[in-house]
Amino acid sequence: MTQREAVFPVKRHSLYEAHGYSAAIKSDDLLFVSGQVGSHEDGTPEPDFERQVELAFDNLEAVLAAAGCTFDDIVDMTSFHTDPENQFETLMGVKEKIFNTQPYPNWTAIGVTWLAGFDFEIKVIARIPANR
């Protein structure tokens with residue numbers, strides 16, 4: 001049976017404890033990262049949408065790094081948006097800075113009505129490199 005191992009970034013925000021979940025779970029050579037939002041360390045949302053998206057990716061990067069991964073190790077990505085039609089252009093500007101070479105990860109974008117005070121959330125599955 002495969003053992004699950006919880007992964008947390010060095011500077012973990014308070015949302016993990018407040019809502020009872022792990023930042024990510026390692027299972028064999030896969031890393032399943034919980035939805036990351038644009039929160040400050042105290043768990044509060046960043047009010048500016050573009051900065052909130054950037055901060056969500058910063059938080060994602062910290063979780064990936066804690067498992068020895070980078071953005072290049074992401075194979076599947078799901079993003080959640082409270083107003084996709086009006087947020088898409090801003091999101092693409094941030095996303096294109098991070099994923100700027102092919103092959104890009106799989107990506108599914110989903111419009112939602114509620115994200116607990118946030119406007120954007122991103123979750124991923126990454127393959128953990130063999131040398132890490």
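The exercises below work through a predicted model, each with its solution.

**Exercise 1. The sheet**

Work out the order of the six strands in the open sheet, and find which strands lie at its edges.

Solution.
- Step 1. Read the order across the sheet, which is E1-E2-E3-E6-E4-E5.
- Step 2. Look for strands that pair on one side only; these are strand E1 (4-7) and E5, the edge strands.
- Step 3. Consider the directions. Strands of a sheet pair through backbone hydrogen bonds, either parallel or antiparallel. In this sheet the pairing is mixed.
- Step 4. Take one pair in detail. Strand E2 (residues 24-27) and strand E3 (residues 30-37) run antiparallel and share four bridges. Lysine 26 has leucine 31 in E3 as its bridge partner.

**Exercise 2. Helix H3**

Describe where helix H3 bends, how H3 lies on the sheet, and what covers its buried residues.

Solution.
- Step 1. Locate the bend: helix H3 (residues 84-98) has a kink of about 30°, and threonine 90 is at its centre.
- Step 2. Place the helix. H3 lies across E4, E5 and E6, and its direction makes an angle of about 150° with E5.
- Step 3. List the buried residues of H3: Gln87, Leu91, Met92, Val94 and Lys95.
- Step 4. Find their cover, which includes helix H2 (49-66) together with strands E4 (74-81), E5 (106-111) and E6 (120-127).

**Exercise 3. The nonpolar cores**

Identify the residues with the most contacts inside the largest nonpolar core, and the element that gives the most to this core.

Solution.
- Step 1. The largest nonpolar core has 26 residues, and Leu31, Phe57, Leu60, Leu64 and Ile74 have the most contacts inside it.
- Step 2. Two or more residues come from each of E3, H2, E4, H3 and E6. H2 gives the most, with seven residues.
- Step 3. A second core, of five residues, lies apart from this one; among its members are Leu15, Val37, Leu115 and Phe118.
- Step 4. Return to leucine 64 as an example. Beyond its neighbours within four places in sequence, leucine 64 is in contact with Leu31, Val33, Cys69, Thr70, Phe71, Ile74, Val124 and Ala126.

**Exercise 4. The salt bridges**

The structure holds three salt bridges. Find which residues form a network, and which pair links distant parts of the chain.

Solution.
- Step 1. Start with arginine 51. A salt bridge joins its side chain to that of glutamate 54, at 3.4 Å from N to O. Aspartate 58 also forms a salt bridge with arginine 51, with the closest N and O atoms 3.7 Å apart. Arg51, Glu54 and Asp58 are thus linked in a network.
- Step 2. Compare positions in sequence. Arginine 51 and glutamate 54 are three residues apart in helix H2, about one turn of the helix. An α-helix has 3.6 residues a turn, so residues three or four places apart point the same way.
- Step 3. Turn to the distant pair. Aspartate 29 and arginine 127 form a salt bridge whose closest N and O atoms are 2.7 Å apart. Aspartate 29 sits in the loop between E2 and E3, while arginine 127 is in strand E6, 98 residues away.
- Step 4. Classify this pair by accessibility. Partly exposed covers the range between under 20% (buried) and over 50% (exposed). Aspartate 29 has 35% relative accessibility, so it counts as partly exposed. Arginine 127 has 42%, so it also counts as partly exposed.

How values were computed: Residues numbered from 1 in each chain as written. Predicted model: local features only at pLDDT ≥ 70, side-chain atom pairs only at ≥ 80, totals over all residues. Heavy atoms only, no water. Bend = angle between axes of the 7 residues up to and from the residue. Buried < 20%, exposed > 50% of the residue type's maximum accessible area, 1.4 Å probe, protein only. Contact = heavy atoms within 4.5 Å. Pairing = 2+ DSSP bridges. Axes fitted to C-alpha atoms, helices over the stretch in contact; angles between N-to-C directions. Core = buried A, V, L, I, M, F, W, Y, C linked by side-chain atoms within 4.5 Å. Salt bridge = Lys/Arg side-chain N within 4 Å of Asp/Glu carboxyl O.
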